[in-house]
Amino acid sequence: MNVQMLVVLAVVTACALYASWSLAPAVARRALAQAALRLPLPGFMARYFGKVVLRASAGCGCDGCDAPPSAAREQPIRIHRRPGP
C-alpha cells in the first residue's frame, strides 16, 4: 500500500463514521456515547459524548440545539385559507 491509498482509506473511513453517526437514531447514539464514556478518552471527546448522553436522554425533540427542553416554547399553528376561485 502506498501513502495515497492510506490517505484515501482514512478519509473514506472518517466520512463513513460521520455519516453513520449523523443518521443514527438518538437511542443508538446515546448507547454508543455511554459505551465510549467508559473508555479513557481525551477531554474534548468526553465532553462531547457527555453532551450527547444528556441531550438524548432529555426527551427533547430537537436534536441539534444545546438548549434544555424547558427552554423550548410552544408555537401555535396558523392556517391561512386561500380565497375561493
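Buried means under 20% relative accessible area. The model used below is predicted.

**Exercise 1.** Find which residues of H2 are buried, and state how they are arranged around the helix axis.

*Solution.*
Step 1. Apply the cut-off to H2: Arg29, Ala33 and Ala36 are buried.
Step 2. Look down the axis of H2. The buried residues fall within an arc of 60°, so they line one face of the helix.
Step 3. Check the helix length. H2 has twelve residues and spans 16 Å from first to last C-alpha, close to the 16 Å expected at 1.5 Å a residue.

**Exercise 2.** List the residues of the largest nonpolar core and say which helix gives the largest share.

*Solution.*
Step 1. The core has six residues: Trp21, Ala33, Ala36, Phe49, Val52 and Val53.
Step 2. Assign them to elements. Helix H2 (26-37) and helix H3 (43-57) each give two or more residues.
Step 3. H3 supplies the largest share, with three residues.
Step 4. Inspect the contacts of Ala36. Leaving out residues up to four places away in sequence, Ala36 touches Leu41 and Phe49.

**Exercise 3.** Classify the ring pair of Trp21 and Tyr48, then place both residues in the chain.

*Solution.*
Step 1. Search the whole structure: three aromatic pairs turn up.
Step 2. Take Trp21 and Tyr48. Their centres are 6.5 Å apart, with 50° between the planes. Planes under 30 degrees apart count as stacked and over 60 as edge-to-face, so this pair is tilted.
Step 3. Locate the partners. Trp21 is in helix H1 (residues 3-23) and Tyr48 in helix H3, 27 residues apart.
Step 4. Extend the network. Ring pairs join Trp21, Tyr48 and Phe49 into a cluster.
Step 5. Check exposure. Tyr48 is partly exposed, at 40% relative accessible area.

Note on methods: Residues are numbered from 1 along each chain as its sequence is written. This is a predicted model: local features need pLDDT of at least 70, side-chain atom pairs count only at pLDDT 80 or more; totals for chains, interfaces and linings use all residues. Side-chain values use heavy atoms; hydrogens and water are left out. A nonpolar core is a set of buried Ala, Val, Leu, Ile, Met, Phe, Trp, Tyr and Cys residues joined through side-chain atoms within 4.5 Å. Buried means under 20% relative accessible area, exposed over 50%, partly exposed in between (1.4 Å probe, protein chains only). Helices (H or I, at least four residues) and strands (E, at least two) are DSSP runs, numbered from the N terminus. Contact means heavy atoms within 4.5 Å. The expected span of a helix is 1.5 Å times one less than its number of residues. The arc is that of the directions from the helix axis to the C-beta atoms. Rings of Phe, Tyr and Trp (its six-membered ring) pair if their centres lie within 6.5 Å; planes under 30 degrees apart count as stacked, over 60 as edge-to-face and the rest as tilted.
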